[in-house]
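Me: Please take a close look at the ligand site of this model. Then set that site against the rest of the chain, strand by strand where possible.

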Amino acid sequence: MFDLTLKDEYNFSKDELVEILQSDGKKLFEVANEVRRRKVGDEIYLRGLIEFSNICKNNCQYCGLQAVNRHVERYRLSEDEIIKFAKDGVNAGFKTIVLQSGEDFYFNTDRMCRIIEAIKKNDVALTLSIGERSYNDYKAFKDAGADRYLIRIETTDRDLYARMHPNMSYDNRIECLYNLKELGYETGTGCLVGLPNQSVESLADDILFFKKLDADMVGIGPFIPHPDTPLAGKLNPDNFSMALKVMALTRLMLGDINIPATTAMETIDPNGRITALLSGANVIMPNITQGNYKAKYEIYPNKSGADKEALVYLDSLIAKITSIQRFVSNSKGFRTRQH
Ligand code: SAH
């Protein structure tokens with residue numbers, strides 16, 4: 001039987017993780033909330049997300065932006081637009097800007113470095129989430145000023161990974177993560193929860209992998225089927241609660257890291273974001289892409305917030321945060337290690 005009493009450190013075995021993931025999670029969420037409070041406090045870090053290109057060369061089977069999907073109206077923001085949206089985000093108070101896209105190599109080394117340098121002229125932390133690139137690209141982006149990088153492993157089950165990612169390599173994704181760490185990025189990873197034929201055992205392995213990597217940030221999202229993909233209609237109603245359990249256990253196992261209440265959680269459950277903030281999460285990533293691009297960045301359907309201007313609905317978000325006795329941080333929100 002697992003032991004969920006409050007402790008300073010947790011080192012659950014794979015079997016214990018599986019057992020907890022199979023429980024109802026009630027006790028786990030309570031403990032994760034308390035561990036979150038002790039390790040990272042009541043501050044919430046807001047990261048302003050800009051989705052600057054939905055063009056992608058890959059065919060991740062779960063993703064609505066996969067290259068073969070002809071129903072997507074593809075777009076690319078101009079360098080000026082990206083820099084302007086970032087600047088507006090900084091003026092609205094964001095201390096971190098996140099640039100995310102499909103794997104779009106139009107944004108080559110030089111273009112990315114120009115954009116990074118321009119955004120870093122503001123007093124702001126910069127996170128990239130643009131997929132797999134070479135060591136030299138990651139190095140160039142770091143030298144240009146990028147602080148953090150997000151690249152989810154998605155699943156540590158090699159067979160499932162291979163089925164979900166035709167023509168991609170699990171080993172290369174792992175190598176990307178270790179390259180980013182070596183280059184001194186704050187490194188974020190994470191997984192999808194509820195993919196068809198994903199086992200609870202493999203979710204336990206995912207958590208152990210985050211710990212082994214010593215990830216600085218971990219984003220966990222419930223899988224939400226997209227109608228234009230081969231996984232259309234394959235929604236498991238358990239995805240939200242299972243994702244929440246994986247997230248809460250990640251808080252216990254990794255302690256002082258940053259964990260977002262993901263947009264996918266808010267999309268699949270009307271109160272998902274607040275529930276996540278009360279179960280171990282300490283970060284929110286509002287989408288600050290302006291104009292009608294948001295609806296076109298449809299990795300999954302009905303993405304929460306896609307119909308709103310983030311800079312306008314920010315006030316209501318902050319009110320929600322205050323209503324649970326939490327507050328928005330004034331800092332850039334780097335990981336502060338406690339050991
Ligand atoms: N191209 C970048 C960014 C990917 S989009 C990269 O490869 O890292 C960001 C995340 O969205 C992905 O890592 C994936 O975990 C998640 N995602 C994609 N499709 C999804 C779906 N149908 N449901 C839930 N999350 C999804």
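Reply: A residue counts as near a molecule or strand if one of its heavy atoms lies within 4 Å of it. The model is a predicted one, in which local features need pLDDT of at least 70 and side-chain atom pairs count only at pLDDT 80 or more, while totals for chains, interfaces and linings use all residues. Residues are numbered from 1 along each chain as its sequence is written, and side-chain values use heavy atoms, with hydrogens and water left out.

There are 16 residues around the ligand, and those that come nearest are Tyr62, Ser101, Arg152, Glu154 and Ile224. Sorted by class, this shell holds 8 nonpolar, 5 polar and 3 charged residues; here Ala, Val, Leu, Ile, Met, Phe, Trp, Tyr, Cys and Pro count as nonpolar, Asp, Glu, Lys and Arg as charged, and the others, Gly among them, as polar.

Next come the polar contacts, meaning pairs of N or O atoms within 3.5 Å; within protein, one atom must be able to donate a hydrogen and the other to accept it, and residues adjacent in sequence count only if both atoms are side-chain atoms. The side chain of Glu154 has an N or O atom 2.6 Å from an oxygen atom of the ligand. Backbone atoms appear in two further contacts: an N or O atom of the Ser101 backbone is 3.0 Å from a ligand nitrogen, and one of the Ile224 backbone is 2.8 Å from a ligand nitrogen. The ligand exposes 560 Å² when taken alone, and the protein buries 90% of that. Accessible areas come from the Shrake-Rupley method with a 1.4 Å probe; for residues, only the protein chains shown count as cover.

Now the rest of the chain. The protein has 12 helices and 9 strands, where helices (H or I, at least four residues) and strands (E, at least two) are DSSP runs numbered from the N terminus. The radius of gyration is 19 Å, close to the 20 Å that the globule rule gives for 339 residues, so the chain is as compact as a globular protein of that length. That radius is taken over C-alpha atoms, and the globule rule is 2.2 Å times the number of residues to the power 0.38. Along the principal axes, the C-alpha atoms fill a box of roughly 55 × 40 × 40 Å. Of the 339 residues, 59% count as buried, that is, under 20% relative accessible area, with exposed set at over 50% and partly exposed in between (1.4 Å probe, protein chains only).

Several strands lie within this buried portion. In S2 (48–53), 6 of the 6 residues are buried, so the strand is largely enclosed by the rest of the structure. Two strands pair if DSSP finds at least two bridges between them. S2 runs parallel to S3 (residues 96–101), joined by 5 bridges; Gly48 has Ile97 as its bridge partner in S3. Another 5 bridges join S3 to S4, again in parallel, and here Ile97 is partnered by Leu126. S4 (residues 125–129) has 5 of its 5 residues buried, so S4 too is largely enclosed. On one face of S4, Ala125, Thr127 and Ser129 are buried, and on the other, Leu126 and Leu128.

S7 (residues 217–222) is mostly covered, with 6 of its 6 residues buried. Met217, Gly219 and Gly221 make up one covered side, and Val218, Ile220 and Pro222 the other. S6 (residues 186–193) runs parallel to S7 over 6 bridges, with Thr189 bridged to Val218.

An open sheet of 3 strands has the order S8-S1-S9, with parallel pairing. S8 (283–284) and S9 (327–328) stand at its edges with a single partner strand each, so one side of each has no neighbour in the sheet. S1 (residues 43–46) pairs with S8 over 2 bridges, and Tyr45 has Val283 as its bridge partner there.

Outside the strands, Gln66 sits in the loop between S2 and helix H3 (79–91). At 4% relative accessibility, Gln66 counts as buried, and its side chain reaches the backbone oxygen of Cys60 at 3.0 Å. Met112, in helix H4 (residues 109–119), is buried with a relative accessible area of 1%. The C-alpha atoms of Met112 and Ala140 are separated by 9.0 Å, with their positions 28 residues apart along the chain counted as the separation.
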